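Reader: I have a structure open at my bench and would love a close look at its metal site. Could you walk me through that part and then through the chain around it?

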Amino acid sequence: MIIDCHGHYTTAPAPHDAWRNAQTAAFKAGGDIDPDYPDITDDEIRETIEKNQLRLLRERGADLTIFSPRASTMAHHIGNEAVSQAWTRRCNDLIKRVVDLFPQTFVGVCQLPQSPGAPIANSIAELERCVKDLGFIGCNLNPDPSGGHWTSQPLTDRAWYPFFEKMVELDVPAMIHVSGSCNPNFHATGAHYINADTTAFMQFLEGDLFKDFPTLRFIIPHGGGAVPYHWGRYRGLADMLKRPPLREHVMKNVFFDTCVYHQPGIDLLFRVIDIENILFGSEMVGAVRGIDPETGNYFDDTRRYIDALEIPAEDKHKVFELNARRVYPRLDAILRSQGR
Ligand SMILES: [Zn+2]
């Protein structure tokens, strides 16, 4: 089967976003930041999924998407921690409804109620709720809740450890995923996302996080940011900084997806990074929606690029399915319970 490890609910029903607008307006006006949530019917949700993600999944021949709230609107920098808590809960509950309507096709990953300056420990309760009560299999962790100003400690700092302890206990991975940028220097998907992917990798290289958490697992999306292209630089820096080789020091715990939107980029990813560390992903419907005039295909139709690789079928099987089942043990358990 083909598992897409990276999909967001970018097509959520309009009343959901209207609730968020009302919430942020209320915050500014000093009103109720957790107003009544609109009635959204199952049919409304079904329609937004069937016309978009499900249609594309079928057209492109994938079977299942690991599905999370829209990343750019997590916007942890808006409002305060209570605003983030209320919004996050609404977003995760909506994902749960999608999963319940399409249990064969979507599995949930949660947003976290992060907020600049708020201890990450305050996100533990929502992670536990989503994993234990809603059946989610992982989370999206924002290394920069300030939205482009990088006011948090590096991910290897002990400030993050309480959350990592809970991830290990629950046996769930996190995708490193920033949200919108409120720094005009950094376009959200064009610069901020790729910067964050690259930054997180360098932090892992510099630190000793995986000595303390040997089973902690992260997915760095968007093909690992700039890392595979500059693999020699990172291997060289590991050497200069007297770190162990990357394969032992970082790559037992870090995985890259295939959200790279052209063939030469995918060719390079597979040439440089071990097959065990690559998970199929497309981030659709999302970051880059258009059709590539050079090929006539959608940029984010990432399966084509992998199909075109001249690598053994068993390697493709790892990237399309087996690696995801290994990195997300709770996904494997769900699939087994479905006889898949
Ligand atoms: Zn994403």
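Author: Happy to; we start at the metal and then follow the chain outwards. Please keep in mind that this is a predicted model.

Let us begin with the zinc ion. Its ligands are His6, His8 and His177, each through NE2, together with Glu283 through OE, at 2.0 Å. What geometry does the site of the zinc ion have? The angles among the 4 donor atoms run from 99 to 124°, and the site is tetrahedral. That assignment follows because four donors count as tetrahedral if all angles lie between 85 and 135 degrees. As a reference for your eye, the ideal angle for four tetrahedral donors is 109.5 degrees.

Along the chain, the donors are spaced as H-x1-H-x168-H-x105-E. The pair His8 and His177 links distant parts of the chain, with their positions 169 residues apart: His8 sits in strand β1 (residues 3-9), while His177 belongs to the loop between β5 (174-176) and α7 (188-206). Are these two histidines, His8 and His177, buried or exposed? Both His8 and His177 are buried.

From His8 we can step sideways into the neighbouring strands. His8 stands opposite Ser68 in β2, and β1 and β2 pair in the parallel sense over 5 bridges. Strand β2 covers residues 64-69, and 6 of its 6 residues are buried. In a regular strand, side chains alternate between the two faces of the sheet. Strand β2 is also joined to β3 (residues 106-108) by 3 bridges, and these two strands run parallel as well. Here Thr65 stands opposite Phe106 in β3. To get from β2 to β3, the chain passes through helix α4 (residues 81-101), and this β-α-β crossover is right-handed.

On the way from β2 to α4 there is a backbone detail to look at. Ala75 lies in the loop between β2 and α4, and its phi is positive, about 40°, although Ala75 is not a glycine. Ala75 counts as buried because its relative accessible area is 8%, under the 20% cut-off. Asp171, another residue other than glycine, has a positive phi near 60°. Asp171 is in the loop between α6 (161-170) and β5, and at 32% relative accessibility Asp171 is partly exposed.

The fourth ligand has a backbone feature next to it in the numbering. A cis peptide bond joins Met284 and Val285, with omega about 5°. Val285 is located in the loop between β8 (278-279) and α12 (303-307).

A buried arginine deserves a stop too. Arg129 is part of helix α5 (residues 124-133), and its relative accessible area of 12% makes Arg129 buried. Leaving out residues up to four places away in sequence, Arg129 touches Arg89, Asn92, Asp93 and Leu134.

Finally, the cysteines. How many disulfides does the structure hold? The structure holds 0 disulfides. For Cys91, the nearest cysteine sulfur is that of Cys130, 10 Å away. Cys91 is buried, with a relative accessible area of 5%. The sulfur of Cys139 has its closest cysteine sulfur in Cys110, and at 5.3 Å the two are too far apart for a bond. Cys139 is buried as well, at 1% relative accessibility.

Notes:
Residues are numbered from 1 along each chain as its sequence is written. This is a predicted model: local features need pLDDT of at least 70, side-chain atom pairs count only at pLDDT 80 or more; totals for chains, interfaces and linings use all residues. Side-chain values use heavy atoms; hydrogens and water are left out. Donors are N, O and S atoms within 2.8 Å of the metal (3.2 Å for Na, K and Ca); water is not among the atoms, so sites may look incomplete. Four donors count as tetrahedral if all angles lie between 85 and 135 degrees; four count as square planar and six as octahedral if opposite donors are over 155 degrees apart and all others between 65 and 115; anything else is irregular. Helices (H or I, at least four residues) and strands (E, at least two) are DSSP runs, numbered from the N terminus. Buried means under 20% relative accessible area, exposed over 50%, partly exposed in between (1.4 Å probe, protein chains only). Two strands pair if DSSP finds at least two bridges between them. A crossover is right-handed if, with the strands pointing away from the viewer, the path from the first strand over the helix to the second runs clockwise. Contact means heavy atoms within 4.5 Å. A disulfide is a pair of cysteine sulfur atoms within 2.5 Å.
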